[in-house]
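Me: Please take a close look at one part of this model, the helix packing and the core around it. Give the criteria behind each term as you go.

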Amino acid sequence: MNISEIVSSQFTEFDIGAPLSKVAGAFENQELDAVVVTDGDEYRGVVSRRQLASSSNQPSAKVGSRVQHVPTVDRTEDVREVARLMIGSNAKTLPVLDKDRIFGVVTADAVLEAVSPFLDAVTVDDAYTTKLISVSPTTTMGKALNTLREARIAHLPVIDNDELVGILSLYDVIEFTTRGGNKSQGGSSDEFSGRGGFGERDGSSDRMLDLPVRNLMSDATATVQRDTPLDTVVETMFDREISSLVVTANQTDEPVGIITKTDVIEALTWEQEERRPVQVFGLELLDEMDYDDVSALIDSVTSKYGEMNVIKASIELQEHKEKSRGVPLVLARIRLVTDRGYFTADGEGYGATHALRLAANTIERQLLKGKTYGQSKKHPDTEEQEQLYGWWLGG
């Protein structure tokens with residue numbers, strides 16, 4: 001199955017010199033995940049909703065200063081490889097090139113819609129994140145934003161006395177910040193958006209981050225039980241125009257985790273046979289290391305801190321145009337899933353090997369501090385993998 005039928009030629013494009021404020025305004029369209037950045041006819045990168053919300057942006061800054069280099073794909077790329085690239089680069093929108101020119105984009109939603117008919121044998125229990133990172137209604141926006149940044153997540157369930165009362169997303173944060181924080185408590189409820197009422201507020205931007213989460217959260221929450229099939233999860237997400245569901249224990253309303261569109265796509269990247277726990281995207285950039293060397297590097301990092309089982313390590317290498325003495329600047333990103341938690345780090349250096357070792361050093365420091373970004377998902381046994389991934393490997 002390739003992506004030729006799911007590529008969209010409709011995308012939002014900005015010149016590299018466009019002000020960030022204009023880009024932020026484009027994200028008021030809730031369906032937009034990322035914009036394409038070009039320099040004339042030349043593709044330069046993307047700016048995502050998550051990236052914009054997680055950065056400190058000066059009003060006068062240009063979009064070129066926030067360009068993110070994500071993998072590009074061909075119009076006939078296999079959908080399996082697209083899913084892997086999305087997970088490896090932590091991107092939900094990938095540019096599609098045709099003869100080195102931007103032709104369109106392929107999105108996580110398009111991938112999910114294409115594979116949804118094959119997900120009826122898979123349940124939430126196979127894919128959801130079991131550590132629920134949440135906030136309370138009285139948590140300040142400043143603290144909530146910091147949590148989103150630190151955990152590198154896009155959804156924060158709001159829990160009051162063990163009861164799910166709302167959810168805060170990056171969309172809520174971006175909408176709030178781009179409108180200057182003119183919302184306040186009070187006003188009438190907005191039935192269409194599902195949010196609580198907001199009145200006019202003449203506060204200054206200095207007070208924006210002091211507002212409680214309850215002012216911004218959506219109270220139209222959606223939950224799903226652990227034994228629900230993933231095709232039902234995807235259908236619910238599309239029907240309700242949301243990208244996450246809070247997972248509850250079977251037969252109870254107790255929140256036990258969260259499942260997102262990214263979780264579903266990540267489940268599709270696991271392979272049934274001869275699956276290597278270390279996946280490397282851009283291996284050809286490593287002139288001093290091969291796959292076995294990269295695997296040994298990951299093993300050496302994780303073996304220093306006691307018992308740790310590496311379930312999956314995704315490594316992505318991206319080459320920039322900038323060079324020093326003929327050596328290109330490379331970004332290395334490591335996403336490490338273990339039985340002790342989830343770790344992620346970036347490293348940037350001249351030469352892929354240098355960049356990769358810098359990222360590995362950052363992972364080491366995180367392991368030493370015990371800093372994780374979420375509890376790992378369980379590892380399916382052989383029979384479950386055969387049921388889950390047979391169609392996927394069949395092409």
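Reply: The answer below starts with the basis of the values, then turns to the helices, the core and a few single residues.

The model is predicted, so local features need pLDDT of at least 70 and side-chain atom pairs count only at pLDDT 80 or more, while totals for chains, interfaces and linings use all residues. Residues are numbered from 1 along each chain as its sequence is written, and side-chain values use heavy atoms, with hydrogens and water left out.

Helices (H or I, at least four residues) and strands (E, at least two) are DSSP runs, numbered from the N terminus. Axes are lines fitted to C-alpha atoms, for helices over the stretch in contact, and angles between N-to-C directions run from 0 to 180 degrees.

Helix H3 (residues 79-89) packs on helix H8 (residues 261-269) at an angle of about 120 degrees, and their axes are 9 Å apart. H3 and H8 are therefore oblique to each other; angles under 35 degrees count as roughly parallel, over 145 as roughly antiparallel, 65 to 115 as roughly perpendicular and the rest as oblique. The crossing of H3 past H8 is left-handed, a term used if the near helix is turned anticlockwise from the far one by less than a right angle, with clockwise being right-handed. On the H3 side, Ala83, Arg84, Met86 and Ile87 meet Thr262, Ile265, Glu266 and Thr269 of H8. Contact means heavy atoms within 4.5 Å. This contact of H3 with H8 has four nonpolar, two polar and two charged residues, where Ala, Val, Leu, Ile, Met, Phe, Trp, Tyr, Cys and Pro count as nonpolar, Asp, Glu, Lys and Arg as charged, and the others, Gly among them, as polar.

H8 also packs with H4: the axes of H4 and H8 come within 10 Å and cross at roughly 60 degrees. H4 and H8 are therefore oblique to each other, and H4 passes H8 in a left-handed crossing. Ala108, Asp109, Leu112 and Val115 of H4 make the contact with Lys261, Val264, Ile265 and Leu268 of H8. By class, the residues in the contact of H4 with H8 are six nonpolar, no polar and two charged. Ile265 of H8 is listed in the contact with H3 and in the contact with H4.

The largest nonpolar core has 45 residues, and those with the most contacts inside it are Ile3, Leu94, Val106, Leu230 and Ile259. A nonpolar core is a set of buried Ala, Val, Leu, Ile, Met, Phe, Trp, Tyr and Cys residues joined through side-chain atoms within 4.5 Å; buried means under 20% relative accessible area, exposed over 50% and partly exposed in between (1.4 Å probe, protein chains only). Among the elements that give two or more residues to this core are H3, helix H4 (108-115), H8 and strand E5 (93-98). H3 gives the most, with six residues. Leaving aside neighbours within four places in sequence, Leu94 is in contact with residues including Val82, Leu85, Met86 and Val106. A second, separate core of 27 residues includes Met289, Tyr291, Val310 and Ala360.

Strand E12, another contributor to the largest core, holds Thr248. Thr248 counts as buried at 5% relative accessibility. By contrast, Glu241, in the loop between helix H7 (230-240) and strand E12 (244-248), counts as exposed at 57%. Glu241 has a positive phi of about 55 degrees although it is not a glycine.
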